[in-house]
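Welcome, and thanks for taking a look at this one with us. Please have the viewer open as you read; the notes below go from a single site to the whole chain and back to local detail.

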Amino acid sequence: MTDPVELELPVDGGALRVLRFGSGPRTAVAAHGITASGMSFRGVARHLPPDWSLFALDLRGRGGSADAPGPYGLDAHASDLCAAAERWGDGAPVAVTGQSMGACVALRAAARRPELFDRLLLVDGGLPIPVAEGADPDALLDASMGPILARLSRTFRTDEAYVDLFRAHPALGPEWNDDIESYVRYDITGPAGARRSRAQEGPVRRDGRELLTSGAAFGEDLTRLTVPARLLHAPRGMTGTEPGILSAELVERWTARAPRLTAEAVPDCNHYTILMGPRARTVADRLVTAV
């Protein structure tokens, strides 16, 4: 279960790309990180039992949905995730998961349309990000995602030059594998001599600002959950070093406040390799195991 089938999800004004991994009758839908694509779930899908299918969306402005129309923002992404659950769920509740920003998308979908889902798995995301009162979200975004945003506007002479950029990444290079390489190559687009990422900077910035300014709304989503939820979090962050992006204090605070949420630290991984490294097996296991 590694090579996906490319499907289309009709939305107002166009369609979204959805990657289907597997052909089993049990269904999970998935949302990826802020500049990622559905291909980031390739490793997880490989470890799912044969009676499962994973439908991983390319969210608006990313991957095969790069040219999909707006609106952007977490509400729009959550509505798209719900539409996928309705389309491929065969009338029964399905599992929903998301990583990083996609965890916030999955959380919002489960909080607003709980009848569509029987479990929620948050992967290194989904908790409100602590932001100082009065902080400029655009300045925070540039400080936290500056190199990532810069990559979206760069062009590369060859596909290999783009792949080499990721090979040099401190969180990815030391743990390079076929799943990471497939994910990176799926992201490449553009004419010969000017290859670039499929992810569009405008939608990424729009969603990034919302992540930083919507802590109260995410808190409400967590506390109102009626769907059983599990959070998996990594000990290392986006540079491959400790601490992780979700501190122990933050995790403890929200597991205490949200009655349906439990949490588990996944050892020996970072923000990316929790999904695209050896620990993808843990993610798959927790996805198919009821909370």
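In which loop does Ser100 lie? Ser100 sits in the loop between strand E5 (94–99) and helix H3 (101–112). Do keep in mind that this is a predicted model. Ser100 is a good place to begin, and the points below return to its backbone before moving on to other sites.

**Backbone at two loop residues**

- Although Ser100 is not a glycine, its phi is positive, at about 60°.
- Ser100 has a relative accessible area of 18%, so it counts as buried, the cut-off being under 20%.
- Asp124 also has a positive phi, near 50°, and is likewise a residue other than glycine.
- You will find Asp124 in the loop between strand E6 (117–123) and helix H4 (137–152).
- With 0% relative accessibility, Asp124 counts as buried.

**The chain as a whole**

- Eleven helices and ten strands make up the secondary structure elements of the protein chain.
- The radius of gyration is 17 Å, close to the 19 Å that the globule rule gives for 291 residues, so the protein chain is as compact as a globular protein of that length.
- Taken along the principal axes, the box filled by the C-alpha atoms is roughly 50 × 45 × 40 Å.
- Buried residues make up 54% of the 291 in the protein chain.
- Among contacts with a separation of 6 or more, 75% are between residues 24 or more positions apart.

**Surface and charge**

- About 11800 Å² of the protein chain is exposed, and 50% of that area comes from carbon and sulfur atoms.
- The protein chain carries 32 positive and 37 negative charges, and the mean positions of the two sets are 2 Å apart.

**The annotated span**

- An unreviewed UniProt entry carries the annotation "domain: AB hydrolase-1" for residues 32–159.
- In the model, residues 32–159 are 38% helix and 15% strand.
- The C-alpha atoms at the two ends of residues 32–159 lie 22 Å apart.

**Prolines to check**

- Gly70 and Pro71 are joined by a cis peptide bond, with omega about 10°.
- Pro71 belongs to the loop between strand E4 (52–57) and helix H2 (74–88).
- A cis peptide bond also links Glu242 and Pro243, where omega is about 0°.
- Pro243 is placed in the loop between strand E9 (229–233) and H9.
- Pro259 is in the loop between helix H9 (248–257) and strand E10 (261–265).
- Is Pro259 buried or exposed? Its relative accessible area is 67%, so Pro259 is exposed, the cut-off being over 50%.
- Pro259 and Pro228 are 31 residues apart along the chain, and their C-alpha atoms are separated by 8.9 Å.

**A strand residue and its contacts**

- Val18 is part of strand E2 (residues 14–21).
- Val18 counts as buried, at 0% relative accessibility.
- Which residues does Val18 contact, leaving aside its neighbours within four places in sequence? They are Val5, Glu6, Leu7, Leu9, Phe55, Ala56, Leu57 and Trp88.
- The C-alpha atoms of Val18 and Ala30 are separated by 9.6 Å, with the two residues twelve apart along the chain.

Note on methods. Residues are numbered from 1 along each chain as its sequence is written. This is a predicted model: local features need pLDDT of at least 70, side-chain atom pairs count only at pLDDT 80 or more; totals for chains, interfaces and linings use all residues. Side-chain values use heavy atoms; hydrogens and water are left out. Helices (H or I, at least four residues) and strands (E, at least two) are DSSP runs, numbered from the N terminus. The radius of gyration is taken over C-alpha atoms; the globule rule is 2.2 Å times the number of residues to the power 0.38. Buried means under 20% relative accessible area, exposed over 50%, partly exposed in between (1.4 Å probe, protein chains only). Contact means heavy atoms within 4.5 Å. Accessible areas come from the Shrake-Rupley method with a 1.4 Å probe; for residues, only the protein chains shown count as cover. Lys and Arg count as positive and Asp and Glu as negative; His and the chain ends are not counted. The place of a charge is taken as NZ of Lys, CZ of Arg, CG of Asp or CD of Glu. UniProt positions are given in the numbering used here, feature names are shortened, and annotations may be inferred rather than shown by experiment.
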